[in-house]
Amino acid sequence: MPREFTTEDYRARLERATAAAADAGLAGLVVAPGPDLLHLTGYQPTAITERLTALVLTAGHEPALVVPALERPDAEKATGAPALRLVGWTDGQDPYAAAVPLIDPAGRYGISDNAWAMHLLGLQAALPGVGWTSLTETLPMLRAVKDADELERLAAAGGAADAAYRGILEVTFAGRRETDVAADLAALLIQYGHSQVDFTVVGSGPNGANPHHEAGDRVIGNGDTVVLDFGGLKDGYGSDTTRTVHVGPDVPDEVRKVHDVVRRAQQTAFEAVRPGVSCQEIDRIARRVITEAGYGDFFIHRTGHGIGITTHEPPYLVEGEERPLVPGMCFSIEPGVYLPGRFGVRIEDIVTVTEQGGRRFNNTPHELGIVF
């Protein structure tokens, strides 16, 4: 079992976030329920409702959590609660009045992208002199660099997803619906320690040419190429891996060719990972391999996304993202080729940046898997 995060861990995160806001020219942050609040405090409301809950961080002031009175007992149980001042409000009161004393009336604040519009509008009405900007725009790397404990959890999640892949290679594919195989994948993720399954993409035959295909009632047949993309949360941190398999040993030449192109693109991009390389450069490297092989028009998504307490978060490996890689960043490398009406191929590993280069959290074979 991984080490539990402590109050001091959350206190340090709060301090780093406040300092990062100041470095970005902000007076502070207003953090709504969601992954950033969980990361900074360990608190996740049991239900996100219309009632205002907001963490307010302002340089030189104690971190404060504005919380509805009926949810305060749950907030007090959060591991990070001792590092906060809880500011309660009750139904019938103006919740924004509770937040006003915590916010510099002439400052500029970053606010969570997932904050409800009604809450931002309420804060704007109560504090007309405050400027607002999204956290993704100003502090996109707030959770991007993982510490040793977080890396341990991500590695364990990746290992559990690998075990699920090894298990799915043993089940029958031919003659069964995509949803049947997806259910097997979900059960295997739970068996190997996941508390939450976020997705089980099973794209067989022409459905594999849709990168985010949801498993359906299509019956998988002999000769199908099948894209398997699956992941979820284990000990609070995400897994996400993709492998492509073929039903039966008689693999068409073009399937082998496309799979080899994607495999080389994934490996070449992985080998380029090191501190200082830009996120977009990893995308360019993977894309170059696929384009030179003649399939560039069929690689229709970014090369990767960050992962942590959510399965999709910054950094993104995409053209235009010039941010350099730094040790502790974690992200997917997942090039793919999708031939409409025919088949698709994708290979995905979660990778972290080390001082020496890249380290994979997924280590199952990249070869085309054969299933029956």
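# Notebook: helix pairs, sheet and odd backbone spots

I began with the pair formed by helix α9 (residues 253–271) and helix α10 (residues 279–292), which pack at an angle of about 155° with their axes 8 Å apart. I note at the outset that this is a predicted model, and I read every entry below with that in mind. Since angles over 145 degrees count as roughly antiparallel, I entered α9 and α10 as therefore roughly antiparallel to each other. The handedness I looked up next, and α9 passes α10 in a right-handed crossing. For the residues at this contact, I found V261, R264, A265, T268 and A269 on the α9 side, meeting I282, I285, A286, V289 and I290 of α10. Sorted by class, the contact of α9 with α10 has 8 nonpolar, 1 polar and 1 charged residues.

I then turned to another helix pair, α7 and helix α8 (residues 178–191), whose axes come within 9 Å and cross at roughly 140°. How are these two oriented to each other? That angle is not over 145 degrees, the cut-off for roughly antiparallel, and α7 and α8 are therefore oblique to each other. I recorded the crossing of α7 and α8 as right-handed. On the α7 side the contact holds A161, A164, G167 and I168, and these meet V181, D184, L185, L188 and L189 in α8. The class count for α7 with α8 gives 7 nonpolar, 1 polar and 1 charged residues.

While on α7 I checked the salt bridges, for which the count comes to 26. One that I followed up is formed by D149 with R3, the closest N and O atoms being 2.4 Å apart. This pair links distant parts of the chain, because D149 sits in helix α7 (residues 148–168) while R3 belongs to the segment before α1, 146 residues apart.

My next entry concerns the sheet, an open one in which 6 strands follow the order β4-β3-β2-β1-β5-β6 with mixed pairing. Which strands stand at its edges? They are β4 (85–89) and β6 (131–134), each with a single partner strand, so one side of each is left without a neighbour in the sheet. On average, and with direction ignored, neighbouring strands of this sheet are turned by 25° against each other. Looking inside the sheet, I saw that β2 (residues 54–58) and β3 (residues 64–68) run antiparallel and are joined by 3 bridges, and that the bridge partner of V56 in β3 is A64.

I also looked up which helices pack on this sheet. Helix α1 (residues 7–23) touches β1 (28–31) and β2, and its direction makes about 60° with that of β2. Helix α5 (residues 117–126) packs on the sheet as well, touching β1, β5 (108–111) and β6, with its direction at about 155° to that of β6.

The last entries are on single residues and on the backbone. T310 is found in the loop between β11 (304–306) and β12 (313–317), and, leaving aside its neighbours within four places in sequence, T310 is in contact with P35 and R143. I compared T310 with I111, and the two are 199 residues apart in sequence and 18 Å apart in space, C-alpha to C-alpha.

For the backbone, I kept in mind that most residues other than glycine have a negative phi, and that most peptide bonds are trans. Against that, I noted a cis peptide bond joining P314 and P315, with omega about 5°, and P315 lies in strand β12. I noted too that D235, although it is not a glycine, has a positive phi of about 50°. The place of D235 is in the loop between β8 (225–234) and β9 (237–238).

Methods:
Residues numbered from 1 in each chain as written. Predicted model: local features only at pLDDT ≥ 70, side-chain atom pairs only at ≥ 80, totals over all residues. Heavy atoms only, no water. Pairing = 2+ DSSP bridges. Helix = DSSP H or I, 4+ residues; strand = E, 2+ residues; numbered from the N terminus. Axes fitted to C-alpha atoms, helices over the stretch in contact; angles between N-to-C directions. Contact = heavy atoms within 4.5 Å. Parallel < 35°, antiparallel > 145°, perpendicular 65-115°, else oblique. Left-handed = near helix turned anticlockwise from the far one by under 90°. Nonpolar A, V, L, I, M, F, W, Y, C, P; charged D, E, K, R; others polar. Salt bridge = Lys/Arg side-chain N within 4 Å of Asp/Glu carboxyl O.
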